[in-house]
Amino acid sequence: MIRDFAASVERIIVIEELDPFIEEAVRLLGIPVEGKSIFPLVGEFDPRVVRESAITSGLLPASEHVRS
């Protein structure tokens, strides 16, 4: 199922808190995947953390910053 999904998309990005279990499992299948290169290894994710990480990595444009 994961291989079928990977074949249907250009890029796979896994968003998971703490250790990258899913990311590593997908990588072990020989499928290129990103995750912890974009999102933090520690701390809880909330929409702000995910959004700011995506902006920093270029997944979202800088115009997506939300002013507090």
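# Exercises on a predicted three-helix chain

At 41% relative accessibility, Arg27 counts as partly exposed, in a model that is predicted.

**Exercise 1.** Place Arg27 in the secondary structure, account for its exposure class, and find the backbone atom that its side chain approaches.

*Solution.* Begin with the location: Arg27 belongs to helix 2. Next comes the class, for which the cut-offs are needed: under 20% is buried and over 50% is exposed, so the 41% of Arg27 falls into the partly exposed class. Finally, turn to the polar atoms of the side chain, one of which lies 2.9 Å from the backbone oxygen of Val33.

**Exercise 2.** Determine whether Glu23 is buried or exposed, and describe its surroundings.

*Solution.* Glu23 lies in helix 2, which covers residues 21-28. Its relative accessible area is 5%, and because buried means under 20%, Glu23 is buried. The side chain of Glu23 has a polar atom 2.9 Å from the backbone nitrogen of Lys36. When neighbours within four places in sequence are set aside, the residues in contact with Glu23 are Val14, Glu16, Val33, Glu34, Gly35 and Lys36.

**Exercise 3.** Identify the residues of the largest nonpolar core, and follow the contacts of Val26.

*Solution.* The largest nonpolar core has six residues, namely Ala6, Ile12, Val14, Val26, Ile31 and Val33. As background, nonpolar side chains in soluble globular proteins tend to be buried together. Taking Val26 as the starting point and leaving aside its neighbours within four places in sequence, one finds it in contact with Ile2, Ile31 and Val33. Of these partners, Ile31 and Val33 are listed in the core alongside Val26.

**Exercise 4.** Explain what is notable about the backbone of Leu18, and state where the residue sits.

*Solution.* Leu18 is found in the loop between helix 1 (2-7) and helix 2. Its phi is near 60°, which is a positive value in a residue other than glycine. For reference, most residues other than glycine have a negative phi. The relative accessible area of Leu18 is 52%, and since this is over 50%, Leu18 counts as exposed.

**Exercise 5.** Describe helix 3 from its N-terminal cap to the residue that follows it, with attention to Val50.

*Solution.* At the N-terminal end, Asp46 caps helix 3, with a side-chain oxygen 3.0 Å from the backbone nitrogen of Arg48. Within the helix, which spans residues 47-57 and includes Val50, the residues Val49, Ser53, Ala54 and Ile55 are buried. Val50, in turn, has a relative accessibility of 23% and therefore counts as partly exposed. Apart from neighbours within four places in sequence, Val50 is in contact with Ile15, Phe39 and Phe45; the C-alpha atoms of Val50 and Pro40, ten residues apart in sequence, are 9.0 Å apart in space. Just after helix 3, Gly58 takes a positive phi of about 90°.

**Exercise 6.** Summarise the chain as a whole, covering its fold pattern, extent, surface and charges.

*Solution.* The chain has three helices and zero strands, in the order α-α-α along the sequence. Its C-alpha trace spans about 40 × 25 × 15 Å along the principal axes. Of its 68 residues, 26% count as buried, while the accessible surface comes to about 5100 Å², with 59% belonging to carbon and sulfur atoms. Among contacts with a separation of 6 or more, 28% join residues 24 or more positions apart. There are 7 positive and 12 negative side chains, and the centres of these two sets lie 5 Å apart.

Technical notes. Residues are numbered from 1 along each chain as its sequence is written. This is a predicted model: local features need pLDDT of at least 70, side-chain atom pairs count only at pLDDT 80 or more; totals for chains, interfaces and linings use all residues. Side-chain values use heavy atoms; hydrogens and water are left out. Helices (H or I, at least four residues) and strands (E, at least two) are DSSP runs, numbered from the N terminus. Buried means under 20% relative accessible area, exposed over 50%, partly exposed in between (1.4 Å probe, protein chains only). Contact means heavy atoms within 4.5 Å. A nonpolar core is a set of buried Ala, Val, Leu, Ile, Met, Phe, Trp, Tyr and Cys residues joined through side-chain atoms within 4.5 Å. A polar contact is a pair of N or O atoms within 3.5 Å; within protein, one must be able to donate a hydrogen and the other to accept it, and residues adjacent in sequence count only if both atoms are side-chain atoms. Accessible areas come from the Shrake-Rupley method with a 1.4 Å probe; for residues, only the protein chains shown count as cover. Lys and Arg count as positive and Asp and Glu as negative; His and the chain ends are not counted. The place of a charge is taken as NZ of Lys, CZ of Arg, CG of Asp or CD of Glu.
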